Amino acid sequence: MRVLLLSAYEAVSHRYWADSLMAHLPEITWQTLSLPPRHFAWRIRGNPLSWWLKEHDTLSQAYDVVLATSMVDLATLLGLFPHLGQARKIVYFHENQFAYPESSDQMSQVEAKMVNLYAALAADSVVFNTAYNRDSFFTGVREFLKKMPENLPAAKPLEALRSRARVLPVPISPLAETHADGRVSRRIVWNHRWEYDKNPDDFFNTLIALSEQGIDFELAVLGQRFRQTPPIFDIAQEKLAAHSVAWGPQPEPQYRELLATAGIVVSTTWHEFQGLAIMEAAQRGALPLVPDRLCFPELYPDAYRYDGTPDGLYKRLHAWLSTPDSRPKKINTQAWEWPAWRDAYRALLQPGLSLPR
């Protein structure tokens, strides 16, 4: 079986998914095309043209399956290479543009949303990494179309599309080996992108308040850093210097070691569709503490969620740090790992196999 895997905006999580998919399904013959995660407005609209100009020979070949991320303008690509329409077409949604906050750049927002929608309509199968991603996509499409002219009769077609949609998470790979536990129970990890949508203000302001109350903790601030970062990072680096054991992106071995020794990993995000960073830290034994919104209620039991407010975060962290017996036990992550999902992915890609709903 020949599968063409297309990733039009290969962010870190997208690359992780593609690489692990190929590693765990080696019986498939893979051909991949990807584009770097920059120049978003151009990338999401221009990816068919980029590939048409650079990868014409590859796209002119025959494939059994075309597996595309939701940022691929699949409808246009099929128009440029009509023979690809003979393959089974699957679109995988790591995220959807309908659940992003609106910006002043309304044109690019509309373009991005339409690419998502047209890709879903052009596909034979549509797959989301979480139920939250699926539900926010279809809710967002309905709300979006209500604002458009002509009062389009979209309800029944969208419901039919939703009924065919599947939820398959990005699985994480099982740990190759277990190290002796050198965990520091009071060590807190932040391992997210340094951007506003991850809501670093709530996180750092809470830790500053805990520090001012004399609560003992260590802090490792990791994750992907960009040229411009929210001002709170500079403020927190100064105010929390006495607690800091790491600040900024780390080489892979050091990053893994910091996860393996962390006691708590926190998310305060306003925007998350699955959250691989939290999952990887939890897999290594850190207790996840996540807000009660977005994708988290379907992934984490109540004991690992706070109410989503700064006050709720402060109270939970204060309790976990000052009274360790109040903490829940380590979360079992086997349900997130590849052995639990390999057959479902195999069934998705290979006709004739049953795909669990």
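Here is a short chat about some salt bridges, buried residues and a helix pair in this predicted model.

User: What should I know about the model before we start?
Analyst: It's a predicted model, where local features need pLDDT of at least 70 and side-chain atom pairs count only at pLDDT 80 or more, while totals for chains, interfaces and linings use all residues. Residues are numbered from 1 along each chain as its sequence is written, and side-chain values use heavy atoms, leaving out hydrogens and water.

User: Why is arginine 187 with glutamate 218 called a salt bridge?
Analyst: A salt bridge needs a side-chain nitrogen of Lys or Arg within 4 Å of a carboxyl oxygen of Asp or Glu. Here the closest N and O atoms are 2.8 Å apart, so the pair fits that cut-off. Arginine 187 sits in strand S7 (residues 184-190) and glutamate 218 in strand S8 (residues 218-221), 31 residues apart. Helices (H or I, at least four residues) and strands (E, at least two) are DSSP runs, numbered from the N terminus.

User: What makes lysine 198 and glutamate 272 a link between separate parts of the chain?
Analyst: Their side chains form a salt bridge at 2.9 Å, N to O. Lysine 198 is in the loop between S7 and H8, and glutamate 272 is in the loop between strand S10 (262-266) and helix H11 (276-283), so the pair ties together parts 74 residues apart in sequence.

User: Arginine 256 and glutamate 280 pair up too; which of them is buried and which partly exposed?
Analyst: Buried means under 20% relative accessible area, exposed over 50%, and partly exposed in between (1.4 Å probe, protein chains only). Arginine 256 has 24%, so it counts as partly exposed. Glutamate 280 has 11%, so it's buried. Their closest N and O atoms are 3.3 Å apart.

User: Why does aspartate 202 have no salt bridge?
Analyst: The nearest side chain of opposite charge, arginine 293, is 5.3 Å away, so the pair misses the salt-bridge cut-off. For charge, Lys and Arg count as positive and Asp and Glu as negative; His and the chain ends are not counted. Aspartate 202 is buried and lies in helix H8 (residues 200-212).

User: How do you know that H8 and H9 are roughly parallel?
Analyst: The axes of H8 and helix H9 (residues 232-239) come within 10 Å and cross at roughly 15°. Axes are lines fitted to C-alpha atoms, for helices over the stretch in contact, with angles from 0 to 180 degrees between N-to-C directions. Angles under 35 degrees count as roughly parallel, over 145 as roughly antiparallel, 65 to 115 as roughly perpendicular and the rest as oblique, so H8 and H9 are roughly parallel.
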